[in-house]
Amino acid sequence: ATVRISKQGTYSVKAQSANGCYASDTLIIKKLFPLPLVKLSPDNWLCEGSIRTLNAGSGYQTYLWQDGSASSTLNVDTTGTYSVRVKDQNGCAGGDTVLIDQIIPKSSGFLMTDTVICDGFPTKIQASTSFNSYNWSTGDQNNYIIIKKGGIYSLTITDQFGCSSTSSVSVQTKQCLTGIFFPSAFSPNSDGNNDIFRPNVLGNLRTYQLQIFNRWGQKVFESTDFTAGWEGKSNGMMQISGVYVWLCHYQLDGETEKSNSGTVFLLR
């Protein structure tokens, strides 16, 4: 009395009644509609304290989740088995099921404890564990920030599961020794020791200018960047061993502009 078909084609049937009478009919299947292909995320975890949205996709005529809800998405916040059944505009049905059986705990302890730094001195605050992404309250997105002032700094990390956690560190400041100090000698011989003449800066520089002169008063070096020291050259030429005079104008945060001078011995 029935037959199951799954292909296009012409299907006919002839039936005989109890009285011996015959009847027949023919059905032509011209088109096969594909079944809806629903794919819920296969991830079997939830982030602790968060809500995950399961999405069955858009454009279907009807939706039916295991809890009886009928929207295209379902928000879940606990472990369990979740399934959905959909029907499209052609009346074709499809569905999917996902088992969530793991809760990923929030990350913690990845920032240093509250600390005190010297006011104006660059200090690094770094996450102690490797994560997929970092978002500091300063806007930085590295695993560390360089700070010079006190305050509360927070970091939101995202781990390999896509779960996010936030931690903060309170930084207070104290007044420390400030100043700018130059070495008395250097040896630019490319051995990795004392190859560059530059100052040790304690504090936050607002302005800086360094000039260096040879024994005849000729300027052999000038810079406004204290990290770019003198390598013992002038116009690409190696300078001879001897005493050179330096003159530095600078201003530190909270202080007036100052000028210092001295000599440095270049040793080859």
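Two strands count as paired if DSSP finds at least two bridges between them. Keep that cut-off at hand for the exercises below, which all work on a predicted model.

**Exercise 1. Find the partner of β11, and work out which residue of β13 is the bridge partner of I125.**

Solution. Start with the strands: β11 covers residues 123-126 and pairs with β13 in the antiparallel sense. There are 4 bridges between β11 and β13, and the cut-off asks for at least two. Now go down to single residues: I125 has I145 as its bridge partner in β13. Finally, look at the side chains along β13 (residues 144-147), which alternate. I145 and I147 point to one face and are buried, whereas Y144 and I146 point to the other face and are not buried.

**Exercise 2. Determine which strands stand at the edges of the open sheet that contains β14 and β15, and why one side of each is left without a neighbour.**

Solution. First write down the order of this open sheet of 4 strands: β10-β15-β14-β12, with mixed pairing. β10 (115-118) and β12 (133-136) stand at the edges; each has a single partner strand, so one side of each lacks a neighbour in the sheet. On average, neighbouring strands here are turned by 30° against each other, direction ignored. Next, take β12 and its pairing with β14 (residues 151-158), which is antiparallel and runs over 4 bridges. Within β14, I157 stands opposite Y134.

**Exercise 3. Decide whether the chain is more spread out than a compact globule or not, using its radius of gyration.**

Solution. Begin with the secondary structure: the chain has 24 strands and 0 helices. Its radius of gyration is 38 Å, while the globule rule gives 18 Å for 268 residues; the chain is therefore more spread out than a compact globule. The C-alpha trace spans about 130 × 45 × 30 Å along its principal axes. As for burial, 30% of the 268 residues are buried.

**Exercise 4. Name the residues with the most contacts inside the largest nonpolar core, and find which strand gives the largest share of this core.**

Solution. The largest nonpolar core holds 19 residues, and F197, L210, I212 and W230 have the most contacts inside it. Four strands, β19 (205-213), β20 (219-223), β23 (242-252) and β24 (258-266), each supply at least two core residues. The largest share, 5 residues, comes from β23. To close, follow I212: leaving aside residues up to four places away in sequence, I212 touches residues including F197, V220, F221, W230, Y244 and W246.

Notes: Residues numbered from 1 in each chain as written. Predicted model: local features only at pLDDT ≥ 70, side-chain atom pairs only at ≥ 80, totals over all residues. Heavy atoms only, no water. Axes fitted to C-alpha atoms, helices over the stretch in contact; angles between N-to-C directions. Rg over C-alpha atoms; globule rule 2.2 N^0.38 Å. Buried < 20%, exposed > 50% of the residue type's maximum accessible area, 1.4 Å probe, protein only. Core = buried A, V, L, I, M, F, W, Y, C linked by side-chain atoms within 4.5 Å. Contact = heavy atoms within 4.5 Å.
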